[in-house]
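This briefing introduces a protein model to a reader who is new to structural analysis. Please keep the sequence and the structure in view while reading the points below.

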Amino acid sequence: MHLAYPAVLAALLFCTGLYGVLARRNAILVLMSVELMLNAVNLNLVAFDVWLRDALHAGQALTLFTIAVAAAEIGIGLAIVLMVHRNRGTADVDRLRDTAEHADQDQDTAPHAGPHDEKAEAAA
């Protein structure tokens, strides 16, 4: 087996996933693109493991570890996206970022008590 075939396929998969992460606005599609990038890495790990004829099969073992991490990541990521969608009504990444920036600006302009005000309130 030539190493070039799976390496080119993995590069195409990774570039497609990278484009999806950078261009998509929906959080679920961003998570799917991250998974595509992880699968490209897994393909490279297995291809190099076969090409090097490693007796320990370290590439395949690392691939199983990567699959387990990806499963945990997608589970937690989907849970976060669902909670944000329930609270905000959208899973659009740009709208969520704008909402967070407006909340930070509102907190910066709001008057807050300094350390001297807390002492005066405690004494009263």
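The briefing begins with the overall picture and then turns to helices, loops and salt bridges.

The model is predicted, and its protein chain contains 5 helices and 0 strands. Along the sequence, the chain therefore reads as α-α-α-α-α. Of its 124 residues, 19% count as buried.

**Confidence and overall contacts**

- The chain has an average pLDDT of 86, and 83% of the residues score at least 70.
- Confidence is highest in H1, with a mean of 96, and lowest in helix H5 (residues 115–123), with a mean of 56.
- Among contacts between residues at least 6 apart in sequence, 56% join residues that are at least 24 apart.

**Helix H1**

- Helix H1 consists of 20 residues, and the distance from its first C-alpha to its last is 28 Å, close to the 28 Å expected at 1.5 Å a residue.
- The buried residues of H1 are Pro6, Ala10, Gly17 and Gly20.
- These buried residues lie on the same side of H1, because they cover an arc of only 85 degrees around the axis.
- The partner against which the buried residues of H1 pack is H2.
- Leu12, Cys15, Tyr19 and Leu22 are exposed on the other side of H1.

**Helix H2 and the loop that follows**

- Tryptophan 51 belongs to helix H2, and a relative accessible area of 45% makes tryptophan 51 partly exposed.
- Tryptophan 51 and histidine 2 are separated by 49 residues in sequence, yet their C-alpha atoms are 8.1 Å apart in space.
- Most residues other than glycine have a negative phi. The loop between H2 and H3 holds arginine 53, whose phi is positive, near 55 degrees.
- Arginine 53 is exposed, because its relative accessible area is 73% and exposed means over 50%.
- Histidine 57 is also located in the loop between H2 and H3, and histidine 57 has a positive phi of about 55 degrees although it is not a glycine.
- With 42% relative accessibility, histidine 57 counts as partly exposed.

**Helix H3**

- The 31 residues of H3 should span 45 Å at 1.5 Å a residue, and the 44 Å between the end C-alpha atoms of H3 agrees with this.
- Buried residues in H3 are Gly59, Thr63, Thr66, Ala70, Gly77 and Val81.
- Helix H2 is included in what covers the buried residues of H3.
- Glycine 89, just after H3, takes a positive phi of about 85 degrees.

**Threonine 90 in the loop between H3 and H4**

- Threonine 90 is placed in the loop between helix H3 (58–88) and helix H4 (93–109).
- Is threonine 90 buried or exposed? Threonine 90 counts as buried, because its relative accessibility is 17% and buried means under 20%.
- The side chain of threonine 90 comes within 3.1 Å of the backbone nitrogen of aspartate 92.
- When residues up to four places away in sequence are not counted, threonine 90 touches Val84, His85, Arg95 and Leu96.

**Salt bridges**

- How many salt bridges does the structure hold? The structure holds 2 salt bridges.
- One of them links arginine 25 with aspartate 94, with the closest N and O atoms 2.2 Å apart.
- Arginine 25 lies in the loop between helix H1 (4–23) and helix H2 (27–52), while aspartate 94 lies in helix H4, so this pair ties together parts that are 69 residues apart in sequence.
- Aspartate 94 is partly exposed, as its relative accessible area is 23%.
- Another salt bridge joins the side chains of arginine 95 and aspartate 92, at 3.8 Å from N to O.
- The partners in this salt bridge are arginine 95, which is exposed with a relative accessible area of 53%, and aspartate 92, which is buried with a relative accessible area of 17%.
- Both of these partners also appear in the account of threonine 90: arginine 95 is among the residues it touches, and the backbone nitrogen of aspartate 92 is reached by its side chain.

Notes: Residues numbered from 1 in each chain as written. Predicted model: local features only at pLDDT ≥ 70, side-chain atom pairs only at ≥ 80, totals over all residues. Heavy atoms only, no water. Helix = DSSP H or I, 4+ residues; strand = E, 2+ residues; numbered from the N terminus. Buried < 20%, exposed > 50% of the residue type's maximum accessible area, 1.4 Å probe, protein only. Polar contact = N/O pair within 3.5 Å; in protein donor to acceptor, adjacent residues only side chain to side chain. Contact = heavy atoms within 4.5 Å. Salt bridge = Lys/Arg side-chain N within 4 Å of Asp/Glu carboxyl O. Expected span 1.5 Å × (residues − 1). Arc of directions from axis to C-beta. pLDDT = per-residue confidence, 0-100.
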